[in-house]
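Trainee: I would like a close look at a single part of this model, taken slowly and with its surroundings included. Could you go through it with me once the sequence and structure are in view?

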Amino acid sequence: MLKLHDFELSGHAHRVRLMLSLLELPYEKINVSLGDGEHKQAPYIALNPFSLVPVLDDDGFVIRDSVAILAYLASKYGPQWYPQDPQTLARIHEWLALAGHEISQGPGRARLITVFGANYDQAETIEQSHQLLSKIEDLIAGKDWLVANTPTIADIACYSYIAHAPEGKVSLDAYPSITKWLSNVEGLEGFVAMQKTAVA
């Protein structure tokens, strides 16, 4: 059985839980206590030397990055989520790169500040987040999904931290196309939400 080493408040972990649910894949959830430093102990470091969540174990095949996990799950269990024609694949990877960098360092980081007390410049992070969201708003205007006429792993990779941007004091009120897209993801059969936290 699939085993997911998970932390409930991690957007990286949520995107994997969401993908597993959309694919209707049973799995064992193993909670990692970040507050107790479990991710920095030898047993977990053996799974992921970078001490990050999530980690997926598929019958001994261990994957330590959430985007890599999405690609693996879709390739093995739901290829409709990961089309392989060159042009669609390129567009998917553009969004996966955005999820791993700009979205993580924008809305994701803003949430880190308010939810976990991370030591970053809040005003600068919020401003960067809005600059990014304005660009995304323009890119997806009139579209239901980020890449294709149906959802792909790009939508799953980008969803969690954008949906929870308000927890980092990044309002989504000015982004109707983004709001519509979030609703589309939330309307998927098998959608599971990430736990919300109060804005500090």
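Which residue is the bridge partner of Leu 4 in E3?

Mentor: The model is a predicted one, and your question leads into strand E1. In E3, the partner that bridges to Leu 4 is Leu 56, and this pair belongs to the pairing of E1 with strand E3 (residues 55-58), which is antiparallel and extends over four bridges. Leu 4 also has a bridge partner in E2, namely Lys 29, and here the two strands, E1 and E2 (residues 27-31), run parallel and are joined by five bridges. Strand E1 itself, which spans residues 2-6, is mostly covered, with four of its five residues buried. As a general point, the side chains of a regular strand alternate between the two faces of the sheet. The pairing with E2 is also part of a larger arrangement, in that E1, helix H1 (residues 11-22) and E2 together form a β-α-β unit that is right-handed.

Helix H1 leads on to helix H6, since H1 is among the elements that cover the buried residues of H6, and these elements also include helix H3 (66-77), helix H4 (86-116), H5 and H7. Helix H6 (residues 153-163) is largely enclosed by the rest of the structure, because eleven of its eleven residues are buried; among them are Asp 155, Cys 158, Tyr 159 and Tyr 161.

Two of the helices that cover H6, H5 and H7, also pack against each other. The axes of helix H5 (residues 122-140) and helix H7 (residues 176-186) lie 8 Å apart and make an angle of about 70°, which means that H5 is roughly perpendicular to H7. On the H5 side the contact is made by Leu 133, Ile 136, Glu 137 and Ile 140, and on the H7 side by Pro 176, Ser 177, Ile 178 and Trp 181. Sorted by character, the residues of this contact between H5 and H7 comprise six nonpolar, one polar and one charged.

Ser 177, which lies in helix H7, deserves a separate word. Its relative accessibility is 16%, so Ser 177 counts as buried, the cut-off for that class being under 20%. Leaving aside residues up to four places away in sequence, Ser 177 touches Glu 137, Ile 140, Ala 141 and Gly 142, and of these Glu 137 and Ile 140 are H5 residues that take part in the contact with H7.

Technical notes: Residues numbered from 1 in each chain as written. Predicted model: local features only at pLDDT ≥ 70, side-chain atom pairs only at ≥ 80, totals over all residues. Heavy atoms only, no water. Buried < 20%, exposed > 50% of the residue type's maximum accessible area, 1.4 Å probe, protein only. Pairing = 2+ DSSP bridges. Right-handed = clockwise from strand over helix to strand, strands pointing away. Axes fitted to C-alpha atoms, helices over the stretch in contact; angles between N-to-C directions. Parallel < 35°, antiparallel > 145°, perpendicular 65-115°, else oblique. Contact = heavy atoms within 4.5 Å. Nonpolar A, V, L, I, M, F, W, Y, C, P; charged D, E, K, R; others polar.
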